[in-house]
Every structure is written in C-alpha cells, then in structure tokens.
Amino acid sequence: MSKKKTIIAIIAALVIFAVIALIVLLNSNKPSEEVEVVPDTTTAAVTTVPQTEPVTEPVTTTYPPFVNGLSLKAQEYKESNPDTVGWIRLSNTVIDYPVVKTDNNDYYVDNNFWHQPDPAGWVFMDFRCGMEADYFTDNVLMYGHNMADGSMFSALKDYQRYEDFYEKNPIIEVSSLTADYQYKVIAFMLCNGMKGSDFEYWNYTMFEKDPNNTEWTLSEYISKFNDKSLITTNVDVREGDKFLTLSTCNTGDTSDPTRFVVLARMVRPGEDALEGTTGSVRVY
C-alpha cells in the first residue's frame, strides 16, 4: 500500500472511532425515563372539638387597654354552659377564663367548664355573690385551683413570687354578662383556709354600716386586710366601693390549708385605673 493510502486509512479509522465515541457519550448522558411524582396528600389524624365546646388554650395575654368586650365573650360562652356568669382576665398571665356559678361551692372544684370530671376544676364565683344589676354584692368572691401546669388561678401567686409583678399588672378585668369592669389590686395575703379560720374574714359578701350588725363593716374589713397584707399600696378605699376577692391554694399539697388571697377594688367611674398603683411597699 502506498504511503498516501496508508495515511487516508488511518484518518478514516480515527474518524470512525471518534463517531463511535461520540455516540456512546451521548447515550450515557441521555435522561432516564421520567417518573410521575404524585404529591403526598396524606395528613395526620386531627382531633376535632365539638363546636359547642369552647377551646381555652393557656395563651398569655397582654393588655391594656383594659376594657375589651369581655361581657360579649361571656355571652358567647354562656351558650355552651348556662352556668356562665362573666369573665376574668389578668394581663401577662394565662388567666383569661369564663367564670361560672352554680348553687354551691363544690361542683366546679373538680368539674370543668364542659361538665367533665377534672382535677383542675374551673374558675367559679361564690354561690352567694352576684354581679347582676339587681343583685351586685359589695364583695365578689371567685375561686380557682393553683395548678402545677400554670392553669386556673396559679398565676395569682406571681404577685407574691415577683416584686415587680404588682406594679406591672395591678388591674384585674372582670365582666358580668352585660358589663365590663376593672378592679385594681389593693392587697394580697396568706390565710388559713380551715373552717372557722381567718380565711372566713374574706368569705362574706355585704358590708354593713351598723357596727352592731353581724356582717362586717367596711372599716373592719380594711383593718383585717391591712393587718395581713403582704404589700402596702397607695390605692384608697371608701364607702360605696365594690370589691373582688380571688382565692387559690398556696401550694399544690392537699394537706396545706393555706390560701393565697388577692383583694381588689373596682375602678370608680371617671377614675384613672392606674392611680395609686405605684410606690407600693412589700411587707414580709
């Protein structure tokens, strides 16, 4: 074979090799057969709550403004539980509950808002008290457990636990079914909760001007809470004021009869809600 033919043959062989290599390379980079991706529409099981059962999650709320239509919330919840008589809310705590009342002070100790047995019970008003237009007691008593999970009235103890809590949160919001009110805290104290003990000083509803009457007079009432209060505030008290008393267990120990009691008086019409709530002094 001539030299010229040999060169042509080599070139041809190289071209054929290059073509084969190119075909192999293209086949190796060819996308594989597409697979249809089906979105996962499976969802986790959801626990539903009947629409007639209000849901109260322990969400911390922060206010002022202090009046926020609590009576309207109470009316709404009354549709779920006819025992509903109002609402209570304390800023920067989980206390944001409908208040119930029945003909005794036992039922809601261990039954919840939905009439289910529950060791947490519910926040309830003393059966002798009222906030109705035709029966508004001088002193409205409410009770709630001091629960380890922080629910019900556990947060009331923050007045005792933290020195700055009172001046940051001196107002307790309360409503009836028809009106909203604000009460400014004037005292909190530890009381013996045994029957016949000092706790019964707060376990009454009406003040009498006649010192010979069997009910307490307002001056006696003021004297008692001044003697026991763990704080001295600058909130004044006068004849005609309405009061709110909140009671919870001091500890979670059922053998401990001590009660932690918070006392507040209603903000008067036209009064600055925060007047007198600064400059308090702790008493230990």
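## A partly exposed asparagine in a loop

N92 is partly exposed, with a relative accessible area of 34%, and its place is in the loop between strands β1 and β2. The model described here is a predicted one, and in this model N92 has a positive phi of about 65°, although N92 is not a glycine. Most residues other than glycine have a negative phi.

A second residue of this kind is H115, which is found in the loop between β2 and β3, the latter strand being residues 124-125. The phi of H115 is near 60°, again a positive value in a residue other than glycine, and H115 is partly exposed, with a relative accessible area of 38%.

## The protein as a whole

The protein has five helices and twelve strands, and of its 284 residues, 42% count as buried. Its accessible surface comes to about 16200 Å², of which 56% belongs to carbon and sulfur atoms.

When the contacts in the protein with a separation of 6 or more are considered, 63% of them are accounted for by residues 24 or more positions apart. Particular cases of residues far apart in sequence are described further below, for D138, D241 and E163.

## Two helices with a buried side

Which residues of helix α2, running from 70 to 78, are buried? They are L70, S71, A74 and Y77. Seen down the axis of α2, these buried residues fall within an arc of 120°, so they line one face of the helix. On the other side of α2, L72 and E76 are exposed. The elements that cover the buried residues of α2 include four strands, namely β1 (84-90), β2 (96-100), β7 (171-175) and β8 (180-192).

Helix α5, which spans residues 218-228, has L218, Y221 and F225 as its buried residues. They cover an arc of only 60° around the axis, which puts them on the same side of α5. The face of α5 turned away from this buried side carries S219, N226 and D227, which are exposed. Among the elements covering the buried residues of α5 are β6, β8, β10 and β11, the last of these being residues 258-266. Strand β8 is thus included in the cover of α2 and also in that of α5.

## Two buried aspartates in loops

D138 lies in the loop between β5 (135-136) and β6 (139-143), and at 14% relative accessibility this residue counts as buried, the cut-off for that being under 20%. Although D138 and K242 are 104 residues apart in sequence, they are 4.9 Å apart in space, C-alpha to C-alpha. Not counting residues up to four places away in sequence, D138 touches T205, M206, F207, D241, K242 and F243.

One of these partners, D241, lies in the loop between β9 (231-232) and β10. At 6% relative accessibility, D241 counts as buried. Leaving out residues up to four places away in sequence, D241 touches D138, D236, R265 and R268. Of these partners, R265 is 24 residues from D241 in sequence and 6.7 Å from it in space, C-alpha to C-alpha.

## An exposed glutamate between two helices

Is E163 buried or exposed? At 58% relative accessibility, E163 counts as exposed, and its place is in the loop between the helices α3 (158-161) and α4 (165-168).

E163 and V281 are 118 residues apart in sequence and 9.3 Å apart in space, C-alpha to C-alpha. The residues that E163 touches, not counting those up to four places away in sequence, are R282 and Y284.

## The largest pocket

Rolling a probe the size of a water molecule over the atoms shows where empty space is left. The largest pocket has a volume of about 740 Å³, and it is lined by 30 residues, of which V109, Y143, H145, C249 and R259 lie nearest its centre.

The residues of the lining divide into eleven nonpolar, eleven polar and eight charged. Which strand gives the most to this lining? It is β10, made up of residues 243-249, which contributes three residues. Strand β10 has already appeared in the cover of the buried residues of α5, and the loop that holds D241 lies between β9 and β10.

Methods: Residues are numbered from 1 along each chain as its sequence is written. This is a predicted model: local features need pLDDT of at least 70, side-chain atom pairs count only at pLDDT 80 or more; totals for chains, interfaces and linings use all residues. Side-chain values use heavy atoms; hydrogens and water are left out. On a 1 Å grid over the protein atoms alone, a cavity is a set of points where a 1.4 Å probe fits but cannot get out, and a pocket is an open set with protein on both sides within 12 Å along at least five of seven lines; lining residues have an atom within 4 Å of a point. Grid points are joined across faces, edges and corners, and a volume is the space filled by probe spheres set on the points. Ala, Val, Leu, Ile, Met, Phe, Trp, Tyr, Cys and Pro count as nonpolar, Asp, Glu, Lys and Arg as charged, and the others, Gly among them, as polar. Buried means under 20% relative accessible area, exposed over 50%, partly exposed in between (1.4 Å probe, protein chains only). The arc is that of the directions from the helix axis to the C-beta atoms. Contact means heavy atoms within 4.5 Å. Accessible areas come from the Shrake-Rupley method with a 1.4 Å probe; for residues, only the protein chains shown count as cover.
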